[in-house]
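Biologist: I am new to this structure. Please take one part of it and go through that part closely, explaining each term as you use it.

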Amino acid sequence: MYMTHPLFNLTGRTALVTGGTHGLGMAIAAGLAEAGATIVINDILPERLSEAVRQYAEKDIKVHAYQFDVTDEEKVFQYLDKIGREVGPVDILVNNAGIIKRIPMLDLDIDDWRQVLDIDLTGPFIMSKYTVLKFMLPGKSGKIINMCSMMSELGRDTVGAYAAAKGGLKMLTRSMATEWAKYNIQANGIGPGYFATSQTAPLRVKGHPFNEFIINRTPAARWGEPEDLKGAAIFLASAASDFVNGQIIYVDGGILATIGKPHGES
Ligand code: NAP
Ligand code: GCO
């Protein structure tokens, strides 16, 4: 039986992971549960929620699942109340819900632009504002983890709206730290590199040039696995990061550390 260092023990804490029904959100929620936290997830699709509850149960993880849209301010307000009554105060908020649209900007219409910015940037603002007002200010403590991206630092063809949102999310994280650290609320981010999830499935097709490009461009020479994010998430959700504020931890196999190497060079 391994002993968790008390600094990383999340027993008695409640974590809300938005979009926690699969992919990176599910892996992070499972990691926080393994460290002792009570888990709440949301999603917009009821069928996703029931399937996720089943998958978590297979891992002996009980989750509380709620169907609401992170961009719907009224619903967020109502459901946070409901979660507070039915589960308890939220101590840890993981703003994971997000979408991507791969469209060159000259072909990108305003509705697509607005939907990406709304979910990936405005969603975390709405979720954080009301979670802080309802639970973290009265509780005099809290942890916020925003799911940033390589696109918080780098541009890439076809993902302009996404990069604008994730770049904005990095600065929103620093603004949260600036305004809320004095309330003993630590706001930080995780910047995953390229991870194997449904969101990147179109890029990971064997023989697809981008697939080879990422493996070659990543010093670790592989795509990330969702489980690779558990450590950073537990650290940022726990007392171990009580004096860490406004930081983005890039979990990227070294992509941001290097200029890369010519294709085919080992
Ligand atoms: P994913 O598999 O597409 O999961 C995204 C989740 O967000 C899904 O559960 C989705 O629900 C939910 N969601 C979307 N819009 C929502 C809304 N309006 N309200 C509530 N939930 C909503 O993506 P992922 O790869 O796990 O990525 C998770 C996060 O990490 C995203 O923010 C993504 O940008 C970021 N990220 C991913 C990578 C990567 O390589 N995969 C790298 C860096 C950053 P439905 O599926 O039901 O629509
Ligand atoms: C893309 C990918 C990326 C990853 C991730 C990288 O089309 O380039 O989907 O955006 O999802 O955000 O960190």
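**The largest pocket and its two ligands**

Modeller: Start with S149, which has a polar side-chain atom 2.7 Å from an oxygen atom of ligand 2. This is a polar contact (a pair of N or O atoms within 3.5 Å). The model is predicted, so to speak of a local feature here takes pLDDT of at least 70 and a side-chain atom pair takes 80 or more, while totals for chains, interfaces and linings use all residues. Residues are numbered from 1 along each chain, chains are lettered from A and ligands numbered from 1 as written, and side-chain values use heavy atoms, without hydrogens or water.

Y162 makes a similar approach to ligand 2: a polar side-chain atom of Y162 lies 2.7 Å from an oxygen atom of the ligand. Q199 also takes part, with an N or O atom of its side chain 2.4 Å from an oxygen atom of ligand 2. Ligand 2 has 330 Å² of accessible area on its own (Shrake-Rupley, 1.4 Å probe), and the protein covers 96% of this. The shell around ligand 2 holds 14 residues (each with a heavy atom within 4 Å), and R102, S149, R156, Y162 and Q199 come nearest. Sorted by class, eight of the shell residues are nonpolar, four are polar and two are charged. Asp, Glu, Lys and Arg count as charged, Ala, Val, Leu, Ile, Met, Phe, Trp, Tyr, Cys and Pro as nonpolar, and the others, Gly among them, as polar.

Now the space itself. Ligand 2 sits in the largest pocket, and ligand 1 sits in the largest pocket as well. To sit there, more than half of a molecule's atoms must lie within 2 Å of the grid points. A pocket is an open set of points on a 1 Å grid over the protein atoms alone, with protein on both sides within 12 Å along at least five of seven lines; in a cavity a 1.4 Å probe fits but cannot get out, and lining residues have an atom within 4 Å of a point.

The largest pocket contains about 860 Å³ of space. Its lining is made of 40 residues, and N96, A97, G98, I99 and Q199 are those nearest its centre. Q199 has been met already, as a polar contact of ligand 2. The 40 lining residues divide by class into 19 nonpolar, 15 polar and six charged. Helix 1, strand 2, helix 4 (110-139) and helix 5 each bring at least two residues to this lining. Of these, helix 1 gives the most, with three residues.

How does ligand 1 lie among its neighbours, and which residues come closest? The shell around ligand 1 has 31 residues, with D43, N96, Y162, F195 and T197 the closest. Y162 therefore is near ligand 1 as well as ligand 2, by the 4 Å rule. By class, the shell of ligand 1 has 14 nonpolar, 13 polar and four charged residues. Three polar contacts can be picked out. T21 has a polar side-chain atom 3.1 Å from an oxygen atom of ligand 1. In K166, an N or O atom of the side chain is 3.0 Å from an oxygen atom of ligand 1. F195 contributes through its backbone, where a polar atom lies 2.8 Å from an oxygen atom of the ligand. On its own, ligand 1 has 890 Å² of accessible area, and 94% of it is covered by the protein. Helix 1 (23-34), strand 2 (38-43) and helix 5 (160-180) are the elements that give two or more residues to the shell of ligand 1.

For contrast, the second largest pocket has a volume of about 160 Å³. Its lining includes R156 and Y194, and by class it has eight nonpolar, one polar and two charged residues.

Definitions and conventions: Polar contact = N/O pair within 3.5 Å; in protein donor to acceptor, adjacent residues only side chain to side chain. Helix = DSSP H or I, 4+ residues; strand = E, 2+ residues; numbered from the N terminus. Points joined across faces, edges and corners; volume = space filled by probe spheres on them.
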